Amino acid sequence: MGLFDGLPVPKDKQYLREDLENVNEGWTVSRFDSLPHVVHILTSPDRDGEIQALKDQSDIVEEVVDEVVQTYHGGFNRAIQNYSQILRLFSESTQSVGKLKVDLGNAKKVISARNKQLHQLWYRSMTLRHIISLLDQIENIAQVPTRISKLIDDNQLYAAVQVHVQSARMLEREGLQTVGALQDVRSELAKLRGVLFYKVLEALHAHLYNTGEYSSATPSMLEKDDALPTTTVAAFAMSNSQSLSRRTRLQKGDNVGASGFASSVDGGSSYDGHDDDDIHDGADNGKDTTNVPRLPPWLSESTPDEFVETMRKSESPIHVKYLQTMVECLCMLDKVAAAGAIICQRLRPTIHEIITSKIKAQAEYVNSSRPGVGHAARTTTTGLQYVKGQLHKEHKNGTSLAVSLMAVSPVTPAMAPMGAAQTAAKELLDFILDTIVRIFDNHVVVGELLESKSSQQAHMNAPKSNAHMISGNPDSEASQATGGYTIGFSMTVLQSECQQLICEILRATPEAASADAVVQTARLANKNPSKEKREDGLTFAFRFTDASLSSQGADLIRQGRNRKGQNVQEGYGSASVLPEQGIYLAASVYRPVLQFTDKIASMLPEKYSQLGNDGLLAFLESFVKDHFLPAMFVDYRKGVQQAISSPAAFRPRANPAAAYTPSVSKGRPILQGLLTIDFLAKEVIGWAQAMPKFAGDLVKYVQTFLERTYERCRAAYTEAVLEKQSYMLIGRHDVENLMRRDPASAYLPTSLAHANADNHISDADTDGVELEISALLMKLRPIKQESLIRDNNKLVLLASLSDSLEYIADSIERFGNASAKASDTTEFDVKPTSVHHKRNSSLPPKDMAAFAEDYRKLAIDCLKVLRVEMQLETVFSMQVMATREYLEDQDAEEPDDYIISLITQITRRDEVIAPFIAPDKRNYIFGGICAVASHASIKALAEMKHINLFGVQQICRNTIALEQALSAIPSINSESVRTRLDHVRTYYELLNMPVEALLAFITEHDPLFTAIEYYNLLKVQVPGREVPDDAKARMAEILPV
């Protein structure tokens, strides 16, 4: 079947292929044997049929053969014709070659006769051509100085350097060295070499500091009328510097080696001018192909060579291409070391001038566009500024509470976290450091190029035997070849200037360096320590000055050392931008320095990566750890001590608002001491958020302040309740259990409220708890007046202290959340620094939640004391009721004196407490009075001996008066009060019934009162009521045993 697959059978005759497949395989074998087929036919019963089948197969094969022949016939004919043509051409070629051999032989004979004469003519022609070439070169070289000057004026420095280098090489040729007319040209070229060097150096210097024509720096704020705010400019600069950082990593492949020259010095037309079509080829073809790279404009007149082609194809930013071009020019002029030395010499003064000019520009912009400094910071609403700006409630002697808060704070509002000075310092430092980052990015580009060029030149010039010596100390060798200029040097000087600026902002004066600092300086600069002080390192020790802002420039004298000696540099003038200066600005300085260090580290090449771990950030962290944090702790400890020891610290507000308000800004009467502590703690937490790495230390400071404040609050609480019966009662275990079971504890600010919320207490259980509490209090009779808190000022203090403690507890929880977020943003796993105070090491450290719980517990104790105090006051007032005989001779018109006294006392206390405590807490304090009064009234009947009908009316009058007084308290449920006191009136009105009617009432209303209370109704003597002898027995039969 596979034998016939390749046959060219047409589609309309596919049946032939199928017929061929039906042919027996025996007919298609290579060694065909006909005998079996003959025998088969002879032995077949149908010989004619077999013969006819063979004829049919023969017809099929013949038809297939016809198709094959018809298909390949044309090709066979063309092949035969081509072969015949080839044979004919070969025959003709053979004949032509024979004729050519004859002609060449004849020519050889003719030329041999003139060989010597032709050689002389050829030599004369070459000599004349060489003389003409030299004359052309002399004429062109004489025009080189003018051409170089024109190229310099057109800012085509690379083309000028190319012409100068090629001309210098041309003058060194053997044929031109003795030409006297070229001596003036040599002298002019020597002068132009110096001019070119300084032109290239100035262009490189301008673009190093982003002041050149092709620099990537954003325009100054003062260059446009629609200038952006400082924050916007800084944000744009940050994003731009990030892109530069990534570009710095990718541009290393663009470094090119020593430049070559497209035109040969042997060609006499090297200086005849460039072919404009070749130079602007990319620009001309750009109309048709948009993907063709364009040549930078400063290379438009340069001779095409390897470097120019590299610049054409490079995808680096335009300012990087320009820096590469200037470095290439220095290499061609062989001025790398001289350029590096000058860059080193001018680096520090230039950076100082740039920083100073940026600060002046920003100061002028701020003064011209905004009245005052830090407008954005003043409009920023933060927790600290909100408290300072809103708490202008009148305090004692007309003094503002906000003024008191700011007086205790160790910093002014401008210096507070997120204050105007902090915001201005951060904006200023972001702006300056972003400028430094972009400058350093240029230094990385130039430093890598110079080191690469110098190392290539050193390897080409050094013998092979000394190759291992060169590689043994590459940094030192590269530093010498580049005139001392390296990336490490530039980074150290830049960070040193930034450090000087930070010192000025923090009012920290740099002094003489210690020996350890010198060693660190040498390590940062990758050099060995030496006796001569170098400016490569950060060699500063610090002391603090209290100099005023006006004398800032005189106090901040920084050393600007160079090779010639020491120069005194003036300050940067940051005081013109910042509202205030001082050590507390370290918080706003920290984050910009951290971001600056990350960007610098991302730009550094691999060989300088270790420098990213030291420098400015290490200095600032050491400064914060050794100076800022201890100073802050001392300042805030002093403020806390002043806040909690002040006579007005725990004195309730003299003129509070008429009604309680939960908002501090609207007059919530928080105690001044606790409000000040809350304010100071918020400030410290604000510092922690600004410096996440030191959040642990600052949170410990807050915990220390909160612990001392808690002790002071505990002392104030103890002083108010000392030796009082209510204070001793809440400390008893049985009373504590009863108060915990009391449903009213749901109003307490603690987790107990949540626990009780899950317990569904029935009314019967509620009455049972209140009955137990009332019975316990009744057992304390007689209650002495000395054991009660009769001074309303102390009650107000307890109420205000409870509300203030609850407010502080809520703030502490927010502190915990804020400090947790600050700790989560810490980028480094460091151990917190030691706190300058001691604790009992046997106690486990507390967290913010534990402090919040302690404050809430003390707030709950204050509320419990107030509640029990109100209940004891009720028992104290109503204990007279049991000893009095209610045998009145006329109808009652006024309640008893003790009831009037109790009502007056409750009303007065509610009036004085109401502004200091929330309504639900008022309900808790006064809510237990009604239950105790009702139980005490019913209990008093058991101790009475006589009572008449007028006495019953007097007691009813007392309950009505008490009901009206308690219902007038808004936070108390008046319906509950009415129900309870109606119960008392119902009880005493049973005394007006005859005994028979009383027994019938008991039968119908058995559960209304207890059995003892029913027996007490029979026990008391009521004039005019006859009590049968069997009355108690009959009552016993009715009541359950």
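**Salt bridges, ring pairs and a one-sided helix**

Arg-348 and Glu-497 form a salt bridge, with their closest N and O atoms 2.8 Å apart. Arg-348 lies in helix H13 (residues 336-369) and Glu-497 in helix H20 (residues 487-506), so the pair ties together parts that are 149 residues apart in sequence. The model is predicted. Both ends of this bridge are covered. Arg-348 counts as buried because its relative accessibility is 3%. Glu-497 is likewise buried, with a relative accessible area of 1%.

The whole structure holds 34 salt bridges. Another of them joins Arg-790 to Glu-873, and here the closest N and O atoms are 2.4 Å apart. This pair, too, links distant parts of the chain, 83 residues apart. Arg-790 sits in the loop between helix H30 (763-778) and helix H31 (792-824), whereas Glu-873 belongs to helix H32 (residues 848-878). The two partners fall into separate accessibility classes. Arg-790 is partly exposed at 30% relative accessibility. Glu-873 is buried at 4%. Salt bridges that share partners also build a network, which joins Glu-963, Glu-975, Arg-978, Asp-982 and Arg-985.

A bridge within one helix is found in H3 (residues 47-112), which contains both Glu-92 and Arg-88. Their side chains meet at 2.8 Å, N to O. The two residues are four positions apart, about one turn of the helix. Glu-92 is partly exposed, with a relative accessible area of 38%. Arg-88 is partly exposed as well, at 37%.

Aromatic contacts were examined next. A pair of aromatic rings is described by the distance of the centres and the angle of the planes. The structure holds 18 aromatic pairs. In one of them, the ring centres of Tyr-590 and Phe-694 are 5.8 Å apart. Their planes stand at 70°, which is over the 60 degrees required, so the pair is edge-to-face. Tyr-590 lies in helix H23 (residues 586-603). Phe-694 lies in the loop between helix H25 (672-690) and helix H26 (695-721). The pair thus links distant parts of the chain, 104 residues apart. Tyr-590 is buried, at 1% relative accessibility. Phe-694 is buried also, at 5%.

A second example involves Tyr-987 and Phe-1009. Their ring centres are 4.9 Å apart and their planes meet at 50°, so this pair is tilted. Tyr-987 is part of helix H37 (residues 974-989). Phe-1009 is in the loop between helix H38 (995-1004) and helix H39 (1011-1019). The contact therefore ties together parts that are 22 residues apart in sequence. Tyr-987 has 0% relative accessibility and counts as buried. Phe-1009 is buried at 4%. Ring pairs also link Tyr-584, Phe-628, Tyr-636 and Trp-687 into a cluster.

Helix H11 (residues 306-313) shows how burial can be distributed around an axis. Phe-307, Val-308, Met-311 and Arg-312 are buried in this helix. These residues cover an arc of only 140° around the axis, which puts them on the same side of H11. The face turned away from the buried side carries the exposed residues Glu-306 and Lys-313. Thr-310 also lies in H11. At 23% relative accessibility, Thr-310 counts as partly exposed, because buried means under 20%. The C-alpha atom of Thr-310 is separated by 9.7 Å from that of Leu-295, a residue 15 positions away along the chain. The N-terminal end of H11 is capped by Asp-305. One side-chain oxygen of Asp-305 lies 3.3 Å from the backbone nitrogen of Phe-307. Phe-307 is thus a member of the buried set and the partner of the cap.

Nonpolar side chains also occur on the surface. Trp-27, Val-29 and Phe-32 form a nonpolar patch there, with about 260 Å² of accessible area together. Within this patch, Phe-32 is located in the loop between helix H1 (14-22) and helix H2 (35-43). Phe-32 is partly exposed, with a relative accessible area of 40%.

Terms used
Residues are numbered from 1 along each chain as its sequence is written. This is a predicted model: local features need pLDDT of at least 70, side-chain atom pairs count only at pLDDT 80 or more; totals for chains, interfaces and linings use all residues. Side-chain values use heavy atoms; hydrogens and water are left out. Patches are made of residues with over 30% relative accessible area and no salt bridge: like charges are joined within 9 Å, nonpolar side chains (Val, Leu, Ile, Met, Phe, Trp, Tyr) within 5 Å. Accessible areas come from the Shrake-Rupley method with a 1.4 Å probe; for residues, only the protein chains shown count as cover. A salt bridge is a side-chain nitrogen of Lys or Arg within 4 Å of a carboxyl oxygen of Asp or Glu. Buried means under 20% relative accessible area, exposed over 50%, partly exposed in between (1.4 Å probe, protein chains only). The arc is that of the directions from the helix axis to the C-beta atoms. A polar contact is a pair of N or O atoms within 3.5 Å; within protein, one must be able to donate a hydrogen and the other to accept it, and residues adjacent in sequence count only if both atoms are side-chain atoms. Rings of Phe, Tyr and Trp (its six-membered ring) pair if their centres lie within 6.5 Å; planes under 30 degrees apart count as stacked, over 60 as edge-to-face and the rest as tilted.
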